[in-house]
Amino acid sequence: MREIVFLAIVTVALALTVGCGGSDGPSASPAPTLNPADFSAAVDNPLFPLAGIGPKVFEGDETDPDSGEAFHTRIEHTVLPQTETIGGVEAAVLQDREYHDGELVEATLDYFAQHRDGSVWYLGERVDEYEDGQLVGHEGQWLSGDGDNRAGVYMPAQPAAGQKFNQENAPGIAEDQSEVIAVDAAVEVPAGSFTGCLKARDSSPLDDVTEFKYYCPGVGLVREEPPEGTVDLISYK
């Protein structure tokens with residue numbers, strides 16, 4: 001088993017949630033309490049860099065698995081200049097706006113911080129859902145430190161095929177899990193050709209959905225493969 005090496009304050013707890021475990025998947029054990037002094041809002045992990053990365057735009061086609069309706073997806077990622085403190089930890093803020101056939105359906109603010117060992121942690125998200133231009137809900141919203149919600153590992157410091165970890169630890173709200181499938185994948189998208197990429201299988205036990213994502217050095221996320229479609233990076237700065 002190969003695991004991420006953390007400082008003493010999180011080593012034991014993280015060993016329960018990150019590793020190359022067997023078929024049972026990531027542990028459901030409580031996530032560790034974080035020491036804010038161990039984290040920074042300057043996220044520069046090469047596979048998920050936020051510092052120094054300009055706006056990113058993704059586009060692709062998907063099909064609603066329930067209705068069978070096809071639609072065009074456009075997603076805009078922008079790292080905001082301000083930081084925010086979530087659960088005592090200063091976090092970078094990633095704004096995510098998703099459009100279906102040109103209509104805004106969801107706007108989120110995602111919060112990330114980098115541990116001193118290089119791993120990136122996910123601290124939660126604020127969610128606005130839209131329908132016909134009107135705000136209709138906040139499904140999936142959670143923040144680390146609220147109630148039983150705890151941060152999860154989003155990107156390991158030293159990823160290896162077989163590693164599994166909980167990205168979200170918000171019981172009954174958001175419990176996404178991830179497994180590293182490969183660390184040497186090659187990907188070609190409209191924004192360019194990339195090698196040495198990480199391929200991850202992400203699963204959501206709450207809604208029984210699995211998708212694949214590709215993260216490439218110096219750029220981060222370049223492709224999402226939901227159950228019915230593909231969404232690719234088309235531009236970035």
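Reader: I'd like to start with the strands: how many bridges join strand S5 to strand S6?
Author: S5 covers residues 103-115 and S6 covers residues 120-131; strands here are DSSP runs of E with at least two residues, numbered from the N terminus. Two strands pair if DSSP finds at least two bridges between them. S5 and S6 run antiparallel, and the number of bridges joining them is 9.

Reader: What kind of model is this, and what pLDDT do local features need?
Author: Residues are numbered from 1 along each chain as its sequence is written, and side-chain values use heavy atoms, leaving out hydrogens and water. This is a predicted model, where totals for chains, interfaces and linings use all residues, side-chain atom pairs count only at pLDDT 80 or more, and local features need pLDDT of at least 70.

Reader: Which residue in the hairpin of S5 and S6 takes a positive phi?
Author: Follow the chain from S5 into S6, and you pass 4 residues between the strands. One residue of this hairpin has phi near 105 degrees, and that residue is Gly118.

Reader: Which residue of S7 stands opposite Glu131?
Author: S7 takes in residues 134-137 and pairs with S6 in the antiparallel sense over 3 bridges. The hairpin of S6 and S7 has 2 residues between the strands. Across from Glu131 you will find Gln134.

Reader: Is Asp132 buried or exposed?
Author: Asp132 sits in the loop between S6 and S7, and phi there is near 55 degrees, a positive value in a residue other than glycine. Buried means under 20% relative accessible area, exposed over 50%, and partly exposed in between (1.4 Å probe, protein chains only). With a relative accessible area of 60%, Asp132 is exposed.

Reader: Where is Asp208, another residue with a positive phi?
Author: Asp208 is not a glycine, yet phi is about 55 degrees. At 71% relative accessibility, Asp208 counts as exposed. The place to look is the loop between strand S13 (192-204) and strand S14 (209-216).

Reader: Which residues gather in the patch of negative charge on the surface?
Author: A patch of charge joins like charges within 9 Å, using residues with over 30% relative accessible area and no salt bridge. Glu69, one of the members, lies in the loop between strand S2 (56-63) and strand S3 (70-86). The full list is Asp61, Glu69, Asp101, Glu103, Glu131 and Asp132.

Reader: How many of the 6 residues of S9 are buried?
Author: S9 (residues 150-155) pairs with S6 in the antiparallel sense over 3 bridges, with Tyr122 standing opposite Gly152. S9 also pairs with strand S11 (residues 168-169), again antiparallel, over 2 bridges, and Arg150 stands opposite Asn169 there. S9 is largely enclosed by the rest of the structure, because the count of buried residues is 5.

Reader: Which residue of S6 meets Glu84 in a salt bridge?
Author: A salt bridge is a side-chain nitrogen of Lys or Arg within 4 Å of a carboxyl oxygen of Asp or Glu. For the Glu84 pair, the N to O distance is 2.6 Å. Glu84 lies in S3 and the partner in S6, so the pair ties together parts that are 42 residues apart in sequence. At 31% relative accessibility, the partner counts as partly exposed, and its name is Arg126.

Reader: Which residue forms a salt bridge with Asp232?
Author: Asp232 counts as buried, at 13% relative accessibility. The partner is buried as well, with a relative accessible area of 17%. The closest N and O atoms are 2.7 Å apart, and the partner is Arg223.

Reader: Which residues are linked in a network of salt bridges?
Author: The structure holds 8 salt bridges. In one of them, the side chains of Glu76 and Arg74 meet at 3.0 Å, N to O. Glu76 counts as partly exposed at 23% relative accessibility, and Arg74 does too, at 28%. The network links Glu59, Arg74 and Glu76.

Reader: What distance separates the C-alpha atoms of Val189 and Ser235?
Author: Val189 belongs to strand S12 (residues 177-189), and it counts as buried at 6% relative accessibility. Along the chain, Val189 and Ser235 are 46 residues apart. In space, their C-alpha atoms are separated by 9.5 Å.

Definitions and conventions. Patches are made of residues with over 30% relative accessible area and no salt bridge: like charges are joined within 9 Å, nonpolar side chains (Val, Leu, Ile, Met, Phe, Trp, Tyr) within 5 Å. Accessible areas come from the Shrake-Rupley method with a 1.4 Å probe; for residues, only the protein chains shown count as cover. Lys and Arg count as positive and Asp and Glu as negative; His and the chain ends are not counted. The place of a charge is taken as NZ of Lys, CZ of Arg, CG of Asp or CD of Glu.
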